[in-house]
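How does one begin to read the empty spaces and helices of a protein model? The dialogue below takes up these topics in turn.

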Amino acid sequence: MTETRDKELRLALVCYGGISLAVYMHGITKEVWRLARASCAERDGADGRPDVYRELIEEIRETSGVNLRVLVDILAGASAGGINTVFLAQAIATGQSLDPLTDLWMDNADVEALLEPRQRPSHRFAKIWAVPIAWLVANRSKTVDETVEAEARDEVRLKLEHFVRSRWFEPPFGGKRLANTILDAFAAMAKGPRDKRLLPDGQPLDLFVTVTDFRGHPEALRLNSPSSVIENEHRLVFSFTDHGLPGERFADAASLTFAARATSSFPGAFPPMTVGEMDDLLAERKQAWPQRDAFLERVLPRQWADSRGEKAILIDGSVLANAPFRPAMEALKERPARRQVDRRFIFVDPFPNFRFDFYGAEADKKPGFFATIIGALSELPREQPIRDNLDEIARRSHRIERMLAIVAEIRAEVETQVEALFGYTLWLDYPTPKRLATWRRRAQVAAAAKAGYGHTAYGLLKVEGAIDRTARLLYTVGERHGPERLHEIREALAATVQSRGADRFGATLSYGASPETLEFLRAHDLGFRIRRLRLLARRLTEVDLPTSHGVLRPMREAIYDSLAAYLELKRADTYADLRDEVRMMTDDAGPILDRLAERMQLKKLDGETDARLAEGLSTLAKDLRRPLLLAHLGFPFYDIATLPLLQGEGVDEFDPIRVDRIAPDDATAIRAGGAEATLKGIQFNSFGAFFSRAYRENDYLWGRLHGADRLIDIVLSTLDPATRPPEDRAAAIKRRAFHAILDEEEKRLTKIPGLFAELRAEIG
C-alpha cells in the first residue's frame, strides 16, 4: 500500500445579503461547519457518531491516496450573510455548536417577534383601511395559496395584515430586539456542546463584516493640484481575527453582536445601528462589554479620532458592498502553509435572479419615474461589485498560471545553466548547509550576470517590493488606518532606503548591486525567500508519485517548516509590541527599519533553512535529489523571468484561486428550477420567511440540502480527474447525505411534513 499525499482544501466563504433568506443561509453555513468539524475529527482520530463528510474524507484517502484536510479560515459577509458568517466564525474559533441556533432562527426570525412594540397596531381598528392592501399583496401573486401549506395560510395572512397595519414612516422592526436575539444566540452557543477549535494551531481565522457609515467620514485624496482634496467615505469593514494563536480569544459576544446587528440594518426595515443602542441593551441585560472602547477605536478609527465614534450611524453592509470579496482576498497575504493547498473562494448567493419588484411585469417596458429612482438607489449599487472582484481574482490566477507556464518552458534552459555552472560537483558532493549556502550565492551571481541590464530592473523591483511589504506591515501594526497614513509610511521608508544608498544596481558594481543594497535585501527581502520555497514546494509536488511519497516526506517537511518560519514574519501580530513606535514614526523610518531587521533575523533564518533543506536533500536518491536541487539553485533565474508578472511582491498561496458558488440554481441533485422551485422566503421581495415558521423550516431544510450537494461537489473537485469517483458513486454519496439530513431534521421541523415525503420520493 502506498503512502497518502497531504493536501489542504482551504475555503474562503463569502455570504451575500438576502433579508429573510438568512434562514436558508443558516442551513448552508451549518453544512460548512459540519464539513469543517468532520475534517478536524478525522484528522485528530476523534471518536464520534458516523458522519457522511468524515466517511467521504476517509474514502478519498483510501481510494485516491490523498489525505485531505478541509479548513474554513476566511469568512466575509454582508447583511443577512454577515449575521451567518459571524455565527460560523464563532463556532470555528471556539468549537461551539451551531445546532442551538436553529431553534432560535425558527422561533425568532418572525415578523411578530421582530416588530418593534411601539410600531404595532395600537388597537384592532388601527389603520383598518390597510387590511385590504395586505390581502391585495398576498393575492396578487397567489403567494399564500400556492406556496404555503394549508395549515399555515391563516398565520401568514394574519401576520401580513399586522405588518401592513403597523406604523408607517418608521422602520417596523426593532433593532434592539434583533440585537437581543443575537446575544441570546451567542449565550445558547456557549451553553451548548463544545469541541476544540476547528483550525490547527498557527492557522488564523479571519472574519470580515461590511457596514455602511451613513454620515460618512472624511478621507484625503492626493492630487497634482490642489495637493489634496477631501472625499467622504461610507464603506466600513469590521474585521476580527484570532491570529491562529492557541488560547487567544477570537472576539467577545458584544462586539460580534454589534457587527452582526450593524451589517443587517436593512434600510426601511430596521433602524440604523448606534453605539447607544448597544450600550442601552447591555445595561438592560446587566452584561459587561470590557472590550468596548478598544473595539470601537479599531473598527471606527476615523470617527473615534474625531470623537464621533459613539455618534456614528451605521446601516446595512450590503448597501455598498453586497459581495465582500476584497477583504477576503487581502487576508490571503498572511496565510501559513505546511502542505499543498487548494484555495477556493465560495460565495453563497441565496437568490441569484433576485430583483426588487419595482419594474412591472414587462421586462422591456421603460421604467417610470419612481421605478428609476428606487432601482438606482436600492438595487443597482448592490449588484455590480461582484464582477469587478471576480475579475480581479481571475487576473491574479491568470498571472500565476502564466508564471507557472513560463517556469515550465524555461526549465530545461535553467537546468542546463545550473549544471554548467557547477559541473559534476553538484552530484558527487552531498549537500551540507555550508555547501548549499555557497551554491546559492554562486547561482545568484551567475543569474545576475546572465540577465545583463535586465537585472537592474529586476533588482529595483525587489527593493520596491520589500518597501511595499514593510509599509503594509507597519500600517497594520500601527492601527492608524486610512490611505493617507499608508502613503506617509511608504514615503518615509522609500526616503530612508534611498538615503542609505540601498537602491543602487548596475553591471559595474560587484555582485550587480551596491553593498548597502545587498545588505538591505539580505535583511528585509522576505518575499524572495518565500517565493524560492514556494517554487521548491511546487517542484516537489510535480515529482511526487505514490511510490515515492514516503521517501519525500523528510524533504516535504523541511520545505514547509522553513516556509512557515518565514511566513510568520509577515504577520502583523508578530510585531504588536512595536505599535507605539510605529505610530510615532514620522519622516525618519531608519530606527523602525533597523528594529524590524533585528527582529526578523533573516540571515539566521536562512542558515536554519539551509540546514533543514540539506538534511532533506541528503536523504534522497539522485533521481529525486536532482530536480529539487536544480529548482532550488535555479530559482534566481526563474525569479528574474517571472517577478514582473507577480508585480514585485509575489503571492503567498502559490496557486491559482478557484471560485465556486452555492446557490439554488447550482444544487440540482434533488430538484431543478432554482430558488423559485425550492424556497418560500423569496416571496414579498425576500421578506417572505419572516411571515411563517413553515417558510423558515422549508428554507432552512433546503439550505442544508443545497449546502451538502455543493460541498460534496467541491470536495471531489480537489482530486485529479483520473482519481475522482465515477458519477454514480458521487450520486450515492449525495443520497446518503440527503437522507441523513432528513432523518436528523424530521422531528424538529414539524410544520412541513409534506415536504419530507416529497423529498424522500425525489431523492430515491
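The following turns concern a predicted model.

Q: How many cavities of 30 Å³ or more does a search of the whole structure find?
A: Rolling a probe the size of a water molecule over the atoms shows where empty space is left. In this predicted model, the search yields seven such cavities. The largest cavity holds about 310 Å³ of space.

Q: Which residues lie nearest the centre of the largest cavity?
A: They are Ala22, Ile83, Trp105, Ala109 and Leu178, which belong to a lining of 22 residues. By character, this lining comprises 18 nonpolar residues, four polar and no charged.

Q: Which helices each supply at least two residues of that lining?
A: These are α3 (80-94), α4 (99-108) and α9 (175-191).

Q: Is α3 mostly covered or mostly uncovered?
A: Helix α3 is mostly covered, with 15 of its 15 residues buried. Its length can also be checked: at 1.5 Å a residue, the 15 residues of α3 should span 21 Å, and the end C-alpha atoms are 22 Å apart, which agrees. Just after α3, Gly95 adopts a positive phi of about 80°.

Q: What span should helix α32 have, at 1.5 Å a residue?
A: The 24 residues of α32 (residues 693-716) should span 34 Å; the end C-alpha atoms lie 35 Å apart, in agreement.

Q: Why is α32 described as largely enclosed by the rest of the structure?
A: The description holds because 23 of the 24 residues of α32 are buried.

Q: Which residue caps the N-terminal end of α32?
A: Ser692 does so, with a side-chain oxygen 3.0 Å from the backbone nitrogen of Ala694.

Terms used. Residues are numbered from 1 along each chain as its sequence is written. This is a predicted model: local features need pLDDT of at least 70, side-chain atom pairs count only at pLDDT 80 or more; totals for chains, interfaces and linings use all residues. Side-chain values use heavy atoms; hydrogens and water are left out. On a 1 Å grid over the protein atoms alone, a cavity is a set of points where a 1.4 Å probe fits but cannot get out, and a pocket is an open set with protein on both sides within 12 Å along at least five of seven lines; lining residues have an atom within 4 Å of a point. Grid points are joined across faces, edges and corners, and a volume is the space filled by probe spheres set on the points. Helices (H or I, at least four residues) and strands (E, at least two) are DSSP runs, numbered from the N terminus. Ala, Val, Leu, Ile, Met, Phe, Trp, Tyr, Cys and Pro count as nonpolar, Asp, Glu, Lys and Arg as charged, and the others, Gly among them, as polar. The expected span of a helix is 1.5 Å times one less than its number of residues. Buried means under 20% relative accessible area, exposed over 50%, partly exposed in between (1.4 Å probe, protein chains only). A polar contact is a pair of N or O atoms within 3.5 Å; within protein, one must be able to donate a hydrogen and the other to accept it, and residues adjacent in sequence count only if both atoms are side-chain atoms.
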